[in-house]
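Please find below a colleague's note on the empty space in this model, set out as numbered points.

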Amino acid sequence: MKKLTRVIRNIAQHWVGDGFPVRSLFSYGGDNEFDPFLLLDYAGPHEFAPSPGKRGVDVHPHKGFETVTILYQGELAHRDSSGGKGQLGPGDVQWMTAGNGIVHEEFHSEEFTRSGGLLEMVQLWVNLRAKDKSTPAKYQDLRDAQFPRVSLPSDAGEVRVIAGDFDGTSGAASTFTYINVWDLQLTVESTAALTVPSGHTCILLVQHGNLLANGNELKAVELALFERDGIAITLQTSVASRLLVLTGEPLDEPLVGHGPFVMNTREEIRQAIRDFQSGKMGVLK
Ligand code: MN
């Protein structure tokens, strides 16, 4: 049975812009134990009052990785310099490959800002291999209905396959890095057995509920990191629970990051800053 290495809990909330009250369960740096994942921010659920203004994060760049926004509640609007734009509702996913460089803005939709309501989302950053960091920026606008659902045995719940593969069912997102992103809804007092690839970094974020993961108690807004060896995870819930399971093949490459730029060398970071300042990452029209 796969061993749980540690649990991250009690993370203080901070604001990203004026639209995203997040807990950063992890972010890159140190010994890179989450490789190939760079950052995981979990927002909410947070109740926003109606407002006439615009809420979110204004134009900013990214380079060298992918940003994945999984929306559970609320409505977001997005625009980027690759021409990608759209509105996301509950269950939708925005998969943005910053690659060679992109600038974008992330706001609540106008209607959601005006009406107010609950916002709940995850933003995940996935690193790219050195050879993929120069890929042209692109954007996948993925709708909830596009994601296959797999029912778990014994009415234990359902897996929404966002990326990778679950038990032979492929997720809707196309990825550069070998990862799995599974969104699990588990029923009350159920047991689910998951098989994950050995050697992968393996992370479990509990968003709602309470469960045992290989015998270790996990509650809402707690993130577990497992050893890379081993393939078996058994989940036993006490109440209905929702969790996000991430696995990824470690890139095991040098990592030099500076805010929204994650590259392999300091010179590449200096170049990224020059590219952004000189407008080479594009503009928002
Ligand atoms: Mn961003």
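1. How many nonpolar, polar and charged residues does the lining of the second largest pocket have? In this predicted model, that lining has three nonpolar, eight polar and four charged residues.

2. The second largest pocket holds about 210 Å³ of space, and of the 15 residues that line this pocket, Lys54, Ala77, His108, Ser109 and Glu110 lie nearest its centre. Two or more lining residues come from each of β7, β8 (85-88), β10 and α1 (110-115).

3. For the largest pocket the space is about 250 Å³, and its lining is made up of Val16, Phe20, Val22, Leu39, Asp41, Val57, His60, His62, Glu106, Met121, Gln123 and Trp125. The elements that give two or more residues here are β3 (20-27), β4 (37-48), β5 (56-62) and β11 (117-127). By class, this lining has seven nonpolar, three polar and two charged residues.

4. Turning to enclosed space, the count comes to one cavity of 30 Å³ or more, and the volume of the largest cavity is about 60 Å³. Its lining consists of Phe20, Thr69, Leu76, Ala77, His78, Leu88, Gln94, Glu106, Phe107 and Met121, which by class are six nonpolar, three polar and one charged.

5. As for the elements around the largest cavity, β7 (76-80) and β10 (102-108) each supply at least two lining residues, and the largest share, three residues, comes from β7. Phe20, Glu106 and Met121 are among the residues that line this cavity, and they are also among those that line the largest pocket.

Technical notes: Residues are numbered from 1 along each chain as its sequence is written. This is a predicted model: local features need pLDDT of at least 70, side-chain atom pairs count only at pLDDT 80 or more; totals for chains, interfaces and linings use all residues. Side-chain values use heavy atoms; hydrogens and water are left out. On a 1 Å grid over the protein atoms alone, a cavity is a set of points where a 1.4 Å probe fits but cannot get out, and a pocket is an open set with protein on both sides within 12 Å along at least five of seven lines; lining residues have an atom within 4 Å of a point. Grid points are joined across faces, edges and corners, and a volume is the space filled by probe spheres set on the points. Helices (H or I, at least four residues) and strands (E, at least two) are DSSP runs, numbered from the N terminus. Ala, Val, Leu, Ile, Met, Phe, Trp, Tyr, Cys and Pro count as nonpolar, Asp, Glu, Lys and Arg as charged, and the others, Gly among them, as polar.
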